[in-house]
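Me: I am new to this structure and would like to learn how to read it. Could you walk me through some of its features?

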Amino acid sequence: MPRMTAARAAVEILRREGITHLFGLPGAAINPFYSAVRDQGELRHVLARHVEGASHMAEGYTRARAGNIGVCVGTSGPAGTDMITGLYSASADSTPILCITGQAPVAKLHKEDFQAVDISSIAAPVAKWAVTVMEAAQVPGTFQKAFQLMRSGRPGPVLIDLPLDVQLTEIDFDPELYTSLPVATPRASVAQAEAVLQMLAQAERPLIVAGGGIVNADAADLLVEFAELSNVPVVPTLMGWGTIPDDHRLMAGMVGLQTSHRYGNQTMVEADLVIGIGNRWANRHTGGLETYRAGRKFVHIDIEPTQIGRVFAPDLGIVSDAKAALEVLVHVARQQAPLDDRSEWAAACRDRKARMRRRTDFDNVPIKPQRVYQEMNNAFGPETRYVSTIGLSQIQAAQMLHVYRPRHWINAGQAGPLGWTGPAALGVAVADPDTPVVALSGDYDFQFLIEELAVGAQFNIPYIHVVVNNAYLGLIRQAQRNFDMDFCVQLAFDNINTPELAGYGVDHVKVAEGLGCKAVRVFEPDGIQPALDEAKKLLAEYRVPVIVEVILERITNVAMGTEIDKVVEFDELTDVRHPVPTASGPRE
Ligand SMILES: Cc1ncc(C[n+]2csc(CCOP(=O)(O)OP(=O)(O)O)c2C)c(N)n1
Ligand SMILES: [Mg+2]
């Protein structure tokens, strides 16, 4: 039996589980693992500038492709605590990432040793499993089980904490004999699918709510097939956006308090049956449950049994992987074909989509943010992968951008940690270097973890980062209107080095250039398209992140509300058919 350090065994297992990249940074307590990575020689390492950045890179890497698992690595103590935010956002968004930390030697764990912190206890609430491995011989089994857990049921992150002496201990391990453990997938039965179709037959105005579980199950094609077979309109959630193309005749818009369409909310209000697949009835999707549920029946299909009934009791709950459920739904729908004619309802949803729009073609100076999303729709094709986190920027982008494919809107949906966008975009670009990646940040989101731009410059990880600068914590400023205040949310100051910024504070262009990236700044709406074109050229020439900073008007209130039928609009609407230059019409 080959003998090797437990750290080397861990590296061998990573390779056999399909891992090709690590995102991390070394420290004394994880050096044995790094030594094994160097000796083994096949894993590519991306050196983050902040360990939280490494954790979000791992998330982006996972989310770019079905089957990917991002791995982030750090030393003991503060490295692990820095990655807690990544574990939280990964678990909140059902994203498997593996977080590996170094630890003080086993015998020192109770002695307040240097940088010894009980990271597995700290991580436990935000991981599917968090474990400090106390016996070197358990290292292979721990990694084997970690991969099984990350892939089983509702996917999520795992933390493995490796004491220094455990990493260094030699064990008997033969990588050639290693096998992955089987992953159990719950599957809807034919009887369950027949029950759904029976409810469908009794409904007049049904909808499918398509959640991120469909993305995780890689089942977008099946979703579209089922929607087309049954002629039922689809409302993607923010996590499921892209599972049906925006211009598909059955894409009925998004529903919610913020990241939603006027037509999507109106369609939900009129529906009498909602079939949720791989979704979690997020509160910013549902708003008040009384409004959301009034007068309609619900089916909830989810892979995690305890998700059924968590937010409200559905009329029918089915525990199933989204792909397995859609397979059997398609099968039963084909057997029962032709299904009832739903063309009138589907046409009514399409009509709302054509009419109930928000205006984007403003030409104000300073620029209104709506215009930015119009220009982005014109500049970036359906192959673009968008990455964003939180803020007015993200909310309005979700209202106005167009997404046509699964995994092309990659967003920290539940946790929304500021700073996620940049490192996540780097992870996405590492996972899929051949597809254009466009990140979108507000100025504050951009300033968090801004140092990770240097990672993109050092390792030539090109992506375009659109920064919409209102010199405000815009979303919080808008929320503070309820308190009649504008307090501690202003990012504006006179930058003594850059007077042309006229009080907008941080010179993002200089910072980005200082970190080895390229950057352009725009003050006028007609400058946006040329700037995006210039960014594409710079990206092709230099293969580094390229920042496009758009100086916005400082105060824009963005459509949102507390109930899906009470979203407050602040800017002009266009209740006419063809006025919006980038309206995504139904695809015939
Ligand atoms: C770590 C963290 N702290 C605080 C918040 C709350 N928060 C949400 S959006 C936001 C302001 C974002 O400002 P910016 O990125 O400039 O976007 P804008 O809303 O101005 O478009 C804040 C502070 C958060 N999401 N994450
Ligand atoms: Mg801002």
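Reply: Happily; we will take the metal site, the ligand, one helix and some backbone details in turn. Keep in mind that this is a predicted model, where local features need pLDDT of at least 70, side-chain atom pairs count only at pLDDT 80 or more, and totals for chains, interfaces and linings use all residues. Residues are numbered from 1 along each chain as its sequence is written, chains are lettered from A and ligands numbered from 1 in the order in which they are written, and side-chain values use heavy atoms, with hydrogens and water left out.

Me: Which residues coordinate the magnesium ion (ligand 2)?

Reply: Donors are N, O and S atoms within 2.8 Å of the metal (3.2 Å for Na, K and Ca); water is not among the atoms, so sites may look incomplete. Here the donors are Asp443 (OD), Asn470 (OD1) and Tyr472 (O), at 2.1 to 2.2 Å. Along the sequence their spacing reads D-x26-N-x1-Y.

Me: Is Asn470 buried or exposed?

Reply: Buried means under 20% relative accessible area, exposed over 50%, and partly exposed in between (1.4 Å probe, protein chains only). Asn470 has 10% relative accessibility, so it counts as buried. Tyr472 is buried too, at 5%.

Me: What surrounds ligand 1?

Reply: A residue is near a molecule or strand if one of its heavy atoms lies within 4 Å of it. There are 16 residues around ligand 1, and the closest are Leu392, Asp443, Asp445, Gly474 and Leu475. An N or O atom in the side chain of Asp443 is 2.7 Å from an oxygen atom of ligand 1. For Asn470, a polar side-chain atom is 3.0 Å from an oxygen atom of this ligand.

Me: What does UniProt place at residues 390-550?

Reply: UniProt positions are given in the numbering used here, feature names are shortened, and annotations may be inferred rather than shown by experiment. The unreviewed UniProt entry gives "domain: Thiamine pyrophosphate enzyme TPP-binding" for this stretch. Helices (H or I, at least four residues) and strands (E, at least two) are DSSP runs, numbered from the N terminus. Over residues 390-550 the chain is 37% helix and 16% strand.

Me: How many residues does helix H16 have, and what span should they cover?

Reply: The expected span of a helix is 1.5 Å times one less than its number of residues. Helix H16 (residues 343-355) has 13 residues and should span 18 Å, which agrees with its end C-alpha atoms being 18 Å apart. Its buried residues include Trp345 and Cys349. Contact means heavy atoms within 4.5 Å, and the buried residues of H16 pack against strand E9 (206-210), helix H12 (262-270) and strand E14 (357-358).

Me: Which backbone details should I look for?

Reply: Try the cis peptide bonds and the positive phi values. The bond from Ala337 to Pro338 is cis, with omega near 0°, and Pro338 sits in the loop between helix H15 (322-336) and H16. Another cis bond runs from Val365 to Pro366, with omega near -5°.

Me: And where is the residue Ala471 found?

Reply: Ala471 belongs to the loop between strand E18 (464-469) and helix H22 (474-479). Its phi is near 50°, a positive value in a residue other than glycine. With a relative accessible area of 0%, Ala471 is buried. Arg543 also has a positive phi, of about 55°, although it is not a glycine; at 37% relative accessibility, Arg543 counts as partly exposed.

Terms used: Polar contact = N/O pair within 3.5 Å; in protein donor to acceptor, adjacent residues only side chain to side chain.
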